[in-house]
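Here is a short briefing to read alongside your viewer. Have the structure open and follow the residues as they come up.

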Amino acid sequence: MPASEARRRAPAIALAVALVVLAAALALFLPAPTAGPPSAPPSSSPAPTVLPSGSSPASPGVSPSTPGPQETETPEAGQTRVEPPVTVPPVPVPELQPTGVPAPPTPPPEPGPPVQPAPFPEALRGQDLTVIPGAGRMVALTFDAGANAAGLPKILSALSAKGVAGTFFLTGNWAANNPQAVAKIVAAGHRLGNHSMTHPRFTALGNDLIAQQVRGAEQTILAAGADPRPLFRFPFGERDARTIAAVNALGYVAVRWTVDTLGWKGTSGGSSVQAVADRVQAGLQPGEIVLMHLGSNPDDGTTLDADALPQVIDRITAAGYGFTTLDALLGQ
């Protein structure tokens with residue numbers, strides 16, 4: 001190469017060498033760039049916080065147990081916290097035992113005391129008896145007390161003189177008003193029965209009022225020193241299947257009569273001592289139940305049943321019959 005050409009290129013070569021040296025120096029002091037995707041555009045949502053190792057994100061709407069820097073942002077961040085919905089407790093299901101077998105059911109409540117049998121023969125249930133079954137040639141004299149006690153002295157005297165026991169059906173009111181008379185009846189050895197508290201018509205009463213009438217009389221007679229159970233007579237003789245069942249449920253057997261002497265009508269009502277005795281004689285049969293009354297007629301004050309009683313007893317005895325109380329119904 002000619003000397004002139006060499007001198008002309010010398011500056012260019014020197015510049016090139018200087019550039020190479022400069023590049024090498026830069027390589028030594030600057031880190032090399034790394035390849036990667038272009039940066040994402042900025043977002044309005046804050047970037048998620050990186051949890052320390054071993055941590056897990058909190059569920060949406062539920063605060064972590066330890067608040068502070070470790071709390072993970074949730075989709076509800078910056079909003080009102082969403083509370084779990086209110087739910088109705090589920091219907092309980094049988095608890096499983098460890099073996100997977102359902103737990104035994106809850107035992108039923110303890111049973112109450114056993115139902116006591118009726119204090120009268122079951123065969124008498126549902127009846128309003130008009131005779132004493134299987135009594136033979138026996139008669140039961142019965143006396144209802146609901147008004148006054150005008151005829152009681154004569155009746156007790158006649159029964160005592162003839163050695164006859166009777167059955168007296170008392171209302172609660174009568175027993176309350178005549179406690180000494182109740183004591184005399186019991187002391188003379190006679191049987192008592194329940195005739196209701198106030199002598200209403202039972203077919204017009206509901207079962208609750210029937211119970212009040214029967215229990216009221218029972219308690220009053222008991223307080224007077226006697227026990228009317230289990231004999232009951234319906235006021236006015238009015239009864240039906242429902243009222244008989246209601247009385248039976250209260251522990252009483254219903255007792256009607258075979259013959260009503262009608263002595264309660266008095267002379268003003270067309271009766272007489274002879275008529276009373278004749279009616280009893282006409283109805284005479286085995287197990288006859290005779291209905292008489294203690295009180296006097298309200299119009300004329302007569303006590304025809306009490307006056308006729310000695311003759312009644314004599315005529316029954318003359319016909320070959322004896323006497324019993326209504327305890328014969330109970331096998332006593």
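In this predicted model, D314 is partly exposed, with a relative accessibility of 39%. Its partner in a salt bridge is K162, with N and O 2.9 Å apart, and K162 is partly exposed too, at 36%. D314 belongs to helix α8 (residues 304-318) and K162 to helix α2 (residues 152-162), so this pair ties together parts of the chain that are 152 residues apart in sequence.

**Other salt bridges**

- The whole structure holds 12 salt bridges, and a few of them are worth a visit.
- D144 and R233 join their side chains in a salt bridge, at 2.8 Å from N to O. Because D144 sits in strand β2 (residues 138-145) and R233 in the loop between β5 (231-232) and α6 (241-249), the bridge connects parts 89 residues apart in sequence.
- Are the two ends of that bridge buried or exposed? D144 is buried, at 5% relative accessible area, and R233 is buried as well, at 1%; the cut-off for buried is under 20%.
- D327 pairs with R191, and their closest N and O atoms are 2.6 Å apart. This salt bridge links distant parts of the chain, 136 residues apart: D327 is in the segment after β9 (322-324), while R191 is in strand β4 (residues 191-194).
- D327 counts as buried at 15% relative accessibility, and R191 counts as buried at 13%.
- R215, E218, D227 and R229 form one network through salt bridges that share partners.

**Backbone features to check**

- As a reminder, most residues other than glycine have a negative phi, and most peptide bonds are trans.
- Where does the model have a cis peptide bond? Look between R229 and P230, where omega is about 0 degrees. P230 lies in the loop between α5 (207-223) and β5, and R229 also takes part in the salt-bridge network described above.
- S196 is not a glycine, yet its phi is positive, near 85 degrees. You will find S196 in the loop between β4 and α5, where the residue is buried with a relative accessible area of 0%.
- L262 is another non-glycine residue with a positive phi, about 65 degrees. L262 lies in the loop between β7 (259-260) and α7 (273-282) and is partly exposed, at 22% relative accessibility.

**Helix α4 and its two sides**

- Which residues of helix α4 (residues 179-187) are buried? They are A181, V182 and I185.
- These buried residues span an arc of only 105 degrees around the axis, which means they lie on the same side of α4.
- A general point helps here: an α-helix has 3.6 residues a turn, so residues three or four places apart point the same way.
- On the face of α4 turned away from the buried side, you will meet the exposed residues Q180, K184 and A187.
- The cover over the buried residues of α4 includes α2, β3 (167-170), α3 (172-177) and β4. Two of these elements have come up already: K162 of the bridge with D314 is in α2, and R191 of the bridge with D327 is in β4.
- G189 comes just after α4 and has a positive phi of about 90 degrees.

How values were computed: Residues are numbered from 1 along each chain as its sequence is written. This is a predicted model: local features need pLDDT of at least 70, side-chain atom pairs count only at pLDDT 80 or more; totals for chains, interfaces and linings use all residues. Side-chain values use heavy atoms; hydrogens and water are left out. A salt bridge is a side-chain nitrogen of Lys or Arg within 4 Å of a carboxyl oxygen of Asp or Glu. Helices (H or I, at least four residues) and strands (E, at least two) are DSSP runs, numbered from the N terminus. Buried means under 20% relative accessible area, exposed over 50%, partly exposed in between (1.4 Å probe, protein chains only). The arc is that of the directions from the helix axis to the C-beta atoms. Contact means heavy atoms within 4.5 Å.
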